[in-house]
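Reader: I should be grateful for a close look at a single part of this model. Please set that part in the context of the whole chain, and explain the reasoning behind each classification.

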Amino acid sequence: AETAVSLDGKDAGARFSLGRIYYMKRDHEAAIFEMKTAIALNPNFADAYYGLGICLVYSGRPAEAMEPFQHTLRLSPHDPHLWIVYICRALAHLQLGEFEAALEWATASIREPASEITAYVSYASVLGHLGKSEEGAKAVAELQRRKPGISREFLRNIFAYKDEANFE
């Protein structure tokens, strides 16, 4: 990604890719810069808005993430990967203590045909915050069915929070 940016600093896709690498390495400020640069280069790049939103969530700024997520949904309302945007919205609402809104987005995520295990992780987490232990146990069982042997360490590598307290 760094090579791609060095070859063409005006390639929004390269900037987005570099931003994703930065946020997975938990360098959130660099990631936010790259996502904003990608958006400036291509204001219709839905993935860059999603990337900016998740960077803001992972860096502990969930309220700021709502507008980029809305922009993503407006630009790409039929994207087969909307489930991930729904998860990110759920995570933002979860950080804000808006558990019912988080449940709506997490539920929407698991209903998407292409959803993956992170949808069930987020759904189970929201149910736990709401004290819905029976439903949460079912979600965890589905998660374990889909990914036997899943561990907290595996999940820590996927959810790139700056503050580990947000992981809980």
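Author: The model is a predicted one. Of the contacts between residues at least 6 apart in sequence, 50% join residues at least 24 apart. The chain holds ten helices and zero strands, and its pattern along the sequence reads α-α-α-α-α-α-α-α-α-α. With a radius of gyration of 16 Å, close to the 15 Å that the globule rule gives for 168 residues, the chain is as compact as a globular protein of that length. The C-alpha trace spans about 50 × 30 × 25 Å along its principal axes. Buried residues account for 48% of the 168 residues.

The part chosen for the close look is the stretch from helix 2 to helix 4, and the account starts from Cys55. This residue lies in helix 4, which covers residues 46-58. Its relative accessibility is 0%, and Cys55 therefore counts as buried, the limit for that class being under 20% relative accessible area. What does Cys55 touch, once residues up to four places away in sequence are set aside? The residues in question are Tyr23, His28, Ala31, Ile32 and Met35. Helix 2 covers residues 12-24 and helix 3 covers residues 28-41. Proximity in sequence is a separate matter: Pro43 is twelve residues from Cys55 along the chain, and the two C-alpha atoms are separated by 17 Å.

Between helix 2 and helix 3 runs a loop, and Arg26 is found in it. Most residues other than glycine have a negative phi. Arg26 is not a glycine, yet has a positive phi of about 65°. The relative accessible area of Arg26 is 30%, so this residue is partly exposed; that class lies between the limits of 20% and 50%.

Helix 3 also contains Thr37 and Ala40. Buried or exposed: which word applies to Thr37? Thr37 has a relative accessible area of 17% and is therefore buried. At 62%, by contrast, Ala40 is exposed, because that class begins over 50%. Two distances place these residues relative to later parts of the chain. Thr37 and Gln70 are 33 residues apart along the chain, with 18 Å between their C-alpha atoms. For Ala40 and Arg89, the separation is 49 residues in sequence and 23 Å in space, C-alpha to C-alpha.

A view beyond this stretch completes the context. Counting rings whose centres lie within 6.5 Å, one finds three aromatic pairs. One of them joins Tyr86 and Trp105, whose ring centres are 5.5 Å apart; the planes meet at 50°, so the pair is tilted. Tyr86 belongs to helix 6 (residues 82-95) and Trp105 to helix 7 (residues 99-111); the two are 19 residues apart, and the pair links distant parts of the chain. Both Tyr86 and Trp105 are buried.

The surface and the charges remain. The accessible surface comes to about 8600 Å², and carbon and sulfur atoms contribute 53% of that area. The chain carries 18 positive and 22 negative charges, and the mean positions of these two groups are 2 Å apart.

Conventions. Residues are numbered from 1 along each chain as its sequence is written. This is a predicted model: local features need pLDDT of at least 70, side-chain atom pairs count only at pLDDT 80 or more; totals for chains, interfaces and linings use all residues. Side-chain values use heavy atoms; hydrogens and water are left out. Helices (H or I, at least four residues) and strands (E, at least two) are DSSP runs, numbered from the N terminus. The radius of gyration is taken over C-alpha atoms; the globule rule is 2.2 Å times the number of residues to the power 0.38. Buried means under 20% relative accessible area, exposed over 50%, partly exposed in between (1.4 Å probe, protein chains only). Contact means heavy atoms within 4.5 Å. Accessible areas come from the Shrake-Rupley method with a 1.4 Å probe; for residues, only the protein chains shown count as cover. Lys and Arg count as positive and Asp and Glu as negative; His and the chain ends are not counted. The place of a charge is taken as NZ of Lys, CZ of Arg, CG of Asp or CD of Glu. Rings of Phe, Tyr and Trp (its six-membered ring) pair if their centres lie within 6.5 Å; planes under 30 degrees apart count as stacked, over 60 as edge-to-face and the rest as tilted.
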